[in-house]
Number of protein chains: 2
Amino acid sequence: MTDPLPPGSTIGILGGGQLGRMLALAAARLGMKSHIFCPDVASPAFEVTPHRTIAAYDDESALAAFADAVDVVTYEFENVPARTAEFIAARKPLRPGARALAVSQDRLEEKGFLSESGVPVAPYRPIYSLDDLEAALAELGTPAVLKTTRLGYDGKGQRIIRSINEAAAAFDALEPKPLVLEGFIAFDKEISVIAARNAQGETRHFEPSENVHRDHILKTSTVPGNISPALAAKAGKAAQRIVETLDYVGVMGIEFFVLPGGEDLLVNEIAPRVHNSGHWTEAVCVTDQFEQHIRAVVNWPLGDVTRTANVVMENLIGHEADSIVDLLGPGVRPHLYGKIEARPGRKMGHINRIGLKTGAK
Amino acid sequence: MTDPLPPGSTIGILGGGQLGRMLALAAARLGMKSHIFCPDVASPAFEVTPHRTIAAYDDESALAAFADAVDVVTYEFENVPARTAEFIAARKPLRPGARALAVSQDRLEEKGFLSESGVPVAPYRPIYSLDDLEAALAELGTPAVLKTTRLGYDGKGQRIIRSINEAAAAFDALEPKPLVLEGFIAFDKEISVIAARNAQGETRHFEPSENVHRDHILKTSTVPGNISPALAAKAGKAAQRIVETLDYVGVMGIEFFVLPGGEDLLVNEIAPRVHNSGHWTEAVCVTDQFEQHIRAVVNWPLGDVTRTANVVMENLIGHEADSIVDLLGPGVRPHLYGKIEARPGRKMGHINRIGLKTGAK
């Protein structure tokens, strides 16, 4: 089904966090309705549409009613259970599809897929046992990073191993098995690309952002980043190859490490959804990542990714948003997520600092 | 009360059309909730928040419950009944206030207010009788425009009188009385300014747009318009004087006629709300008119009105939005209002065509 869905169609969104909320806001701008499915009654996305289902992701009667109520289904998080995805996909188009979820839910699948796609990744070894880990450390050297293959985000589910003596403790600490050992990459900086593909096979990607993390959580994304045009082109090509190889439909976030010298990069990870490092697009691009995702999901042509100004996106984490009024000022465009409780490490909002004009269109 | 309302506060919005809908979307970006009050069950704004009241504007029990449920009240249309405004204002802050409504609901009040504020308006006469009209036509000459004083918009409620023979028929056709006769202005073009003031007395205004109407309905707004910097400054100063004189809180749309030669202007009319000719701001300004209005209403500092690119906003009227996909392309940012039925003359959405960069920040 590749006819464009008309305005007035309903987009089902699995997940009710800030990404689901911003997708629903973008859908509204295209004249579409949104229906949010989320188990948490306090979901921020529930505040921006009257259509909601509060139920567990394995509640098949709720899922069936949800599928009946919508025209197409997407999601705001990559850990949608495989059974949920299958159940939905049997009833309504699920975009991005089940393959994208399978690849991104498992670091080993992901690295295997990326390697087969001809995209460079850090050296890695699958770890099923402590013996595997010791052998892998001998090959890849220390330091190295041991990670769970599933359900890791924002620095959770990983340990740096600085010497082989730490191997057993790290192996025991991380669950569930199997794990993956990644060679330590002495990278200069991290960048990311937000790419999109629609069902017609059209692809677009935004310029790379340069990302800075604090306490393993994204703090700022700056565009343009301090990288060469050649490297930006390389990142864009890799991103395009990834969405094409997956027959992907929707927006994907692709994180890269830039290697010392600034001429080469590795893919760190991919996320089959709109991405925190793409929040800058809402402030300075003709089409933002949220609208781009909705366009892909409803079979519309992809939008123009042209950027009209320089920008720095800054996440507001924990209590940083409490004094939002003090953060406002020239060039500042705020976006708060409507979350009630400011827990440490919780993303409460972001601001975009819009700077000088870019030189050319 | 001039403390900033915190995120999580609820903004009550009287009116559920596209302006209320876009206000609610902007409120959501500031972490605010919206509660829409509208008699029409099919209101577009009902699709972007779970909080709604479906009731008549004179239903006092519904109004009381609505006032209890919100922290501040604003509106999307200037014809809020005076009794409704008073009822609300006795319970919760109403922004803009009752005076702004009184002035803008009555062309005679409006022209009187503008004249007293030292802002130029077209020559006009109040018309209570046919005798008044014949005397006024003798003074102001023909052609002249006879208008109702209340409830006119998009060209409704007015007649052009080309000769004194047409006076009686025009007088009889227009209701309710009194009427107002305006001298015919041979203007070069129409521009408008979106101005804002908050309760602290801070004021800001966006650059003027040049507006083109078709069948008495706004068709395009272009920024920058083809006007001199001196005229733009004159328009901005007049707009600022108007919001200051009214002790206004919120965003106001001010329409001007540019006189032949391009050096002088008259105020045509003012609207105490976000305005169709300000829809361009969402595509190219740091802060758009909808966020600016919400900021003023919740006592936040006003936002940066800097523009990052040139733009043409085009209304999609009646069936023009049916083929929205065909209107997309480079530089195009669409916004549809989620209306189900495309009646002739009905505003269904708009597109912003984002063009070349502006030269300076």
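## Close-up views of a predicted two-chain model

**View 1. B:Pro178 sits in the loop between helix H7 (167-173) and strand S8 (179-183) of chain B.** Welcome to this predicted model. We begin at a single peptide bond, the one that runs from B:Lys177 to B:Pro178. That bond is cis, and its omega is near 0°. To find the spot in the structure, follow chain B from helix H7 towards strand S8 and stop in the loop between them.

**View 2. A cis peptide bond also leads from B:Arg95 into B:Pro96.** Here omega is near -10°. Where does B:Pro96 lie? Look in the loop of chain B that runs between helix H3 (82-89) and helix H4 (98-105).

**View 3. B:Asn352 is a buried residue of chain B.** This asparagine belongs to strand S17, which spans residues 347-357 of chain B. Is B:Asn352 buried or exposed? Its relative accessibility is 0%, so B:Asn352 counts as buried, the cut-off being under 20%. The side chain of B:Asn352 reaches the backbone oxygen of B:His279 at 3.2 Å. Leaving aside residues up to four places away in sequence, B:Asn352 touches B:His279, B:Trp280, B:Glu282 and B:Ala283, among others. Its contacts further along the chain include B:Val311, B:Val312 and B:Met313, as well as B:Gly331, B:Val332 and B:Arg333.

**View 4. A:His216 has a positive phi although it is not a glycine.** The angle is about 65°. You will find A:His216 in the loop between strand S11 (209-214) and strand S12 (217-223) of chain A. With 53% relative accessibility, A:His216 counts as exposed, because the cut-off for that class is over 50%.

**View 5. A:Asn299 has a positive phi too, and this residue is buried.** Phi of A:Asn299 is near 65°, in a residue other than glycine. The loop that holds A:Asn299 runs between helix H10 (289-297) and strand S15 (309-317) of chain A. Why does A:Asn299 count as buried? Its relative accessibility is 3%, and buried means under 20%, so A:Asn299 falls in that class.

**View 6. Domain 1 and domain 3 of chain A meet in an interface that buries about 1900 Å².** Chain A is divided into domain 1 (10-94), domain 2 (123-183) and domain 3 (189-357). The C-alpha centres of domain 1 and domain 3 of chain A lie 22 Å apart. Domain 1 of chain A brings 19 residues to the contact, and domain 3 of chain A brings 21. Carbon and sulfur atoms give 71% of the buried area between these two domains. Which three residues supply more than any other three of the area that domain 1 of chain A buries against domain 3 of chain A? They are A:Gln18, A:Met22 and A:Leu30, which together supply 30% of it.

**View 7. A salt bridge joins the side chains of A:Glu78 and A:Arg273.** The distance from N to O is 2.6 Å. Between domain 1 and domain 3 of chain A the count is three salt bridges. Five residue pairs are in polar contact across this interface, both partners at pLDDT 80 or more. On the domain 1 side, helix H1 (18-29) and strand S4 (72-75) of chain A are the elements that give two or more residues. The largest share there, nine residues, comes from helix H1 of chain A. By class, the domain 1 side has 13 nonpolar, two polar and four charged residues.

**View 8. Chain B and chain A bury about 3800 Å² between them.** Of this area, 60% is on carbon and sulfur atoms. Chain B gives 45 residues to the contact, and chain A gives 45. How many salt bridges are counted between chain B and chain A? The count is zero. Nine residue pairs are in polar contact across the interface, both partners at pLDDT 80 or more. On the chain B side, the elements that give two or more residues include helix H1 (18-29), strand S3 (51-53), helix H10 (289-297) and helix H11 (324-327) of chain B. Strand S16 (332-336) and strand S17 of chain B are also among them. The largest share of the chain B side, five residues, comes from strand S16 of chain B. By class, that side has 24 nonpolar, nine polar and 12 charged residues.

Conventions. Residues numbered from 1 in each chain as written. Chains lettered and ligands numbered in written order. Predicted model: local features only at pLDDT ≥ 70, side-chain atom pairs only at ≥ 80, totals over all residues. Heavy atoms only, no water. Domains from an automatic or database assignment. Contact = heavy atoms within 4.5 Å. Buried area = accessible area lost by both parts, 1.4 Å probe. Salt bridge = Lys/Arg side-chain N within 4 Å of Asp/Glu carboxyl O. Polar contact = N/O pair within 3.5 Å; in protein donor to acceptor, adjacent residues only side chain to side chain. Helix = DSSP H or I, 4+ residues; strand = E, 2+ residues; numbered from the N terminus. Nonpolar A, V, L, I, M, F, W, Y, C, P; charged D, E, K, R; others polar. Buried < 20%, exposed > 50% of the residue type's maximum accessible area, 1.4 Å probe, protein only.
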